[in-house]
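Biologist: I'd like to go through the rings and the nonpolar cores in this one. Can you take me through them?

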Amino acid sequence: MSDSAENVFAIPAEMQHVTRQRADATYHAHAHAVAVRVDKTFALIMVIQWIAAAVAASIISPRTWIGADSSLHYHIPAAIVIGGCLCLPSLLFVLRCPGARVNRYLISVTQVLFSSLLIHLTGGRIETHFHIFASLAFLALYKEWQVLIPATMVTAVDHLVRGMIWPESVFGIATPSSWRWLEHAAWVLIEDAVLVSACIKAQREMQKMANQVAHLSVAKSLVEIEVQKQIVEIKRTSAKLRASEQRARSIIDTAHDAFAAIDSNGILLEWSQRAEFIFGWAAKEVIGHPIGPLLGIEPLVTKLVLKSAADAGLRQQFDVVVRHRSSHMISTEAYVSCTRAGAERSTNIFFHDVTEQRRMQVQLLHAEKMESIGQLAAGIAHEINTPTQFVTDNLCFVKESMSTLESLFACLANESLDQAEAIPQLKHLAETADLNYLREEIPLAICQALDGVHRIAEITKAMKEFSHPGTDIKQMMDLNHLIENSITVCRNEWKYAATISTHFDPALRHVPCLPGELSQVLVNLIVNAAQAIGESRDEEIPAGSITISTRSADEFVYIELQDNGPGIPEEILGRIFDPFFTTKEIGKGTGQGLAIAHSVIVDKHGGSISVESKIGCGTTFLIRLPAEDCSVQVEES
């Protein structure tokens, strides 16, 4: 293992003492294991050497001779007895307490004494001296240089003492030099130097390995602790996530809105309990199936799939009609948001059931229309009364003229009169009836009566179209005609305050709309403009003006209504479409007119209505309607 291993697993400072303790324990455990293994090795070597000493003694000098008599050589019992004395204590200690420190020093001394015994038995042969070097090498297996000290000292003392007392047993000659033992000791010290260096290096390696093992052990413990902490934290986080998911699911299931989630192909992934209640489909019946055909909202799903592929952060609102399981339709507001998890995209849809709200809006709009009709009734009656009056007057004139002409017709019809009597009488009757005057005025009176009747018919037709309840199905309508009817219906409201001029685009395309509701919007805007002009005008200032124009551009049709009234203050300009907001006196306005206008134009027709105003210069309303029917109205959130 390299030194970089310690850098990989950094140990905190407060754990360094634990690392040192584990390193020391590991080192001593390894050293003890080495000592046990070497003790057992030397126990075997001791037995082999004991046997070898006995065999060597019996081969080299089995008998001794004194003249003709011979006896067993003392070397044999000496090898057996001395070898046993050297072998048995070491063997006993190794068996009783293997690895004990006293063992290695006992074995160190015993081993070199075995070398001395073998040297003695071989008569001091120089080859046997190599047994000492081999013994030192085996002692170095303990990897403790201290073990070599007693062996070296015993060897030196043995050579010195025996070299002085019995030189033949150690050097093989009777008169060796006095420093011969020192030469042998020097060679032993040279080997000791090599072995001591090896032992020190081995100890360092053992210590290094023990440090690394301890480092890894502590690091492993720390990693395990950290892993346990992470596991606990993961479990805690998982529990929180599960609890959060349960809360989210509970919120979704108990929310007033129905929730559905679809993948990038329009396949249903999630279906809340509220969705089950509103649409009649159980989750297990619909999850995994396309939501478009199921709810009859294929155009919406197609649009969402395309938009989610282009923009994962999509947030929009849609007005869409959803089909219930029983096939009846439900009006909803769909709030859509698209999310991404890795490569997976999903679209979340909250369906808000506005069926009852739409019904109430229709009722409110109808009530507003009825209120407008009631307010306009007196004016319309006056508008009808004027042409009715001159129709009546002209018909009375014709009636009176016919009574004058009756005598003339009677004279002409009298067959008893001859020509001579009839001509003077006819001339007298013609002069009396002013026939020339009647011939000019009667046709004129009839034409005026017809004009009056036509005017009454126009007003009646316009009122009928305005008051018609209408349907929820859009119709292709001529906006120019619709505006003319609206002007006619509310004529009595504006004719005393302003004049209305129109600038219609003769090539204006027909647009899909709800005629009754759009007429209500136009009447509200015209009446509001007339009332604003009337409230600010005094007698010295001439009547105001209202200009209504239409035009087409791109895929839209525009209606612009401009007046020269007092204008709307900037601080309230942004609130005029709020429900129940009005600047009129109590009893003169409910604050619903412009709110309903905004709802009709934006929510029901998918268009827009905006206003620009400047104090003292007037106000301009601009209505934009799509030229083609949009079954799904999109409104950026």
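Modeller: Sure, one definition to begin: a charge sits over a ring if NZ of Lys or CZ of Arg is within 6 Å of the ring centre and within 35 degrees of the ring normal. Bear in mind that this is a predicted model, where local features need pLDDT of at least 70, side-chain atom pairs count only at pLDDT 80 or more, and totals for chains, interfaces and linings use all residues. Residues are numbered from 1 along each chain as its sequence is written, and side-chain values use heavy atoms, with hydrogens and water left out.

Biologist: Which residue lies over the face of Phe 556?

Modeller: Look 4.1 Å from the ring centre of Phe 556. The residue over that face is Arg 624.

Biologist: And how far is the charged end of Arg 325 from the ring centre of Trp 281?

Modeller: That charged end sits over the ring of Trp 281. Its distance from the centre is 4.5 Å.

Biologist: Are the rings of Phe 42 and Tyr 142 stacked or tilted?

Modeller: Rings of Phe, Tyr and Trp (its six-membered ring) pair if their centres lie within 6.5 Å; planes under 30 degrees apart count as stacked, over 60 as edge-to-face and the rest as tilted. Here the centres are 6.0 Å apart and the planes are at 5 degrees, so the pair is stacked.

Biologist: Where in the chain is Tyr 142?

Modeller: Helices are DSSP runs of H or I with at least four residues, and strands are E runs of at least two, numbered from the N terminus. Phe 42 belongs to helix 2 (residues 16-60), 100 residues away from its partner. Tyr 142 is in the loop between helix 5 (130-139) and helix 6 (148-165).

Biologist: Is Phe 350 buried or partly exposed?

Modeller: Buried means under 20% relative accessible area, exposed over 50%, and partly exposed in between (1.4 Å probe, protein chains only). Phe 259, its ring partner with planes at 50 degrees, is buried at 7%. Phe 350 has 29% relative accessibility, so it counts as partly exposed.

Biologist: Which helix gives the most to the largest nonpolar core?

Modeller: A nonpolar core is a set of buried Ala, Val, Leu, Ile, Met, Phe, Trp, Tyr and Cys residues joined through side-chain atoms within 4.5 Å. The largest has 42 residues, and Phe 621 is among those with the most contacts inside it. The top contributor, with 10 residues, is helix 18 (residues 515-536).
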